[in-house]
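Visitor: I am new to this structure and would like a close look at one part of it, the nonpolar interior. Could you take me through that part and set it in the context of the whole chain?

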Amino acid sequence: MTMIGTIAIVGANLAGAQAAAAVRSGGFEGRVVLIGEEPWRPYQRPMLSKEWLRSDTVPAGFELRDERWYDDNQIDLILGTRVEALDRAGGQLRLADSRCIPADRVLLATGARARRLNLPGADAANVHHLRTRADADDLRAALRPGAAIVVVGMGVIGAEVAASAVQAGCRVTAVEPGGAAMLRTLGGRFGGWLSELHRARGVTAHYGVGVSALEREGGTVRTVILTNGVRLESDAVVVGIGVDPNVELAAAAGLRVANGIVVDAQGRTSDPHVWAAGDVSNQPGFFGTRVRLETFQNAAGQADVAAAAILGGAGGYVQPCWFWSDQYDFNIQVAGRIDDSLRLILRGDLEGDSFTALFLSDKIVEGVLTVNRGADMAVGRRLVGRRAVVNLAAAGDVQVPLRSLI
């Protein structure tokens, strides 16, 4: 293997920090540079829509690693600085402050940015997005008891923010073009279940409609007008309509991009000296298609494999998606593929506070959903990962332990 002097990682987030740790634990003794646009050390982004919004203090475990860890492992942290260019021919990165960082290998963990509403007024101060710690600080200040909060989009972020806002004492109204909350990830039946859960907790929701206009008074949005003509009072608007991958750096450098930076199973881009991991990467999917996954598990696992590959290791990362969402006192976890076209086996009762759902193609477990059943998900992930063939009668019998299906 060619001698590597410096590994530069663009993106001081979960994928970036995990890759830095992995190259060190893999025995790399050269220089490791971790560069991030935000001024803070890498932190737990999933907490922003939950614990961060519900507390006036920094939640325990918010930082992925403390300052001493970076010092002890000789990780050069460059924070609050944007990488302006990847010079592949010259083997270096050019920063916004005009510094140049020589790099023999580069890992791009540039992540994604929150998608904006394409409407006049969408840049008003009380229109919020939730992607960074600064975003969460601004939103937390707006979640005052009695405040009228309009949540646009009831995907994972929108649903979590709606729950946190209700718990903060706000009056919450949700707007979702789809027919139910988290429809893309939970499917119709369980999206309907979640929609009812939010309704029971006080969220007024408008499904099947979008936003047509934002009406401002004194520079802030005071009324949200829906496509069906309904007018919603707003002290603050939270937009959760998805993200766009930050591919600009890669595209300008001539790397292949298509809904993310295109990589192989090791995270290698179209340049053999450049890798990508995390939310920005378009990677081979477990079910045979290419995917771009925005999950904690994928960012960490893909970063580990990419780091090993940078050091000459073999192996790849092609795993089923797994993620969790905490809303009110419900822990929702999903692994694999949730699709209304698949056979459904329900273990438990939707009217209760815990259940497990198996999604099967013939007798093969394609996906698992659990609510307040973490132990079942530990088994479910193994069933999905192994494409396990199960006995249908046993799978539907709650008296039969799920682990016996493995």
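Guide: Among contacts between residues at least 6 apart in sequence, 61% join residues that are at least 24 apart, and this holds for a model that is predicted. The chain in which these contacts are made contains nine helices and 26 strands, and buried residues account for 53% of its 406 residues.

Turning to the interior itself, the largest nonpolar core has 49 residues, and within this core Trp193 and Leu369 are the residues with the most contacts. The element that gives the most to this core is helix α4, residues 156–167, which supplies six residues. If one looks at Trp193 and leaves aside its neighbours within four places in sequence, Trp193 is in contact with Phe330, Ile332, Leu350, Phe355 and Val371. Apart from this core lies another, of 29 residues, which includes Leu34, Ala300, Ala307 and Ala309. In soluble globular proteins, nonpolar side chains tend to be buried together.

As for the whole that surrounds these cores, the radius of gyration of the chain is 22 Å, which agrees with the value near 22 Å for a compact globule because that is what 406 residues would give. Taken along the principal axes, the C-alpha atoms fill a box of roughly 65 × 60 × 35 Å. On the outside, the chain exposes about 17300 Å², of which carbon and sulfur atoms supply 47%, while the mean positions of its 42 positive and 44 negative charges are 4 Å apart.

Definitions and conventions
Residues are numbered from 1 along each chain as its sequence is written. This is a predicted model: local features need pLDDT of at least 70, side-chain atom pairs count only at pLDDT 80 or more; totals for chains, interfaces and linings use all residues. Side-chain values use heavy atoms; hydrogens and water are left out. Helices (H or I, at least four residues) and strands (E, at least two) are DSSP runs, numbered from the N terminus. The radius of gyration is taken over C-alpha atoms; the globule rule is 2.2 Å times the number of residues to the power 0.38. Buried means under 20% relative accessible area, exposed over 50%, partly exposed in between (1.4 Å probe, protein chains only). Contact means heavy atoms within 4.5 Å. Accessible areas come from the Shrake-Rupley method with a 1.4 Å probe; for residues, only the protein chains shown count as cover. Lys and Arg count as positive and Asp and Glu as negative; His and the chain ends are not counted. The place of a charge is taken as NZ of Lys, CZ of Arg, CG of Asp or CD of Glu. A nonpolar core is a set of buried Ala, Val, Leu, Ile, Met, Phe, Trp, Tyr and Cys residues joined through side-chain atoms within 4.5 Å.
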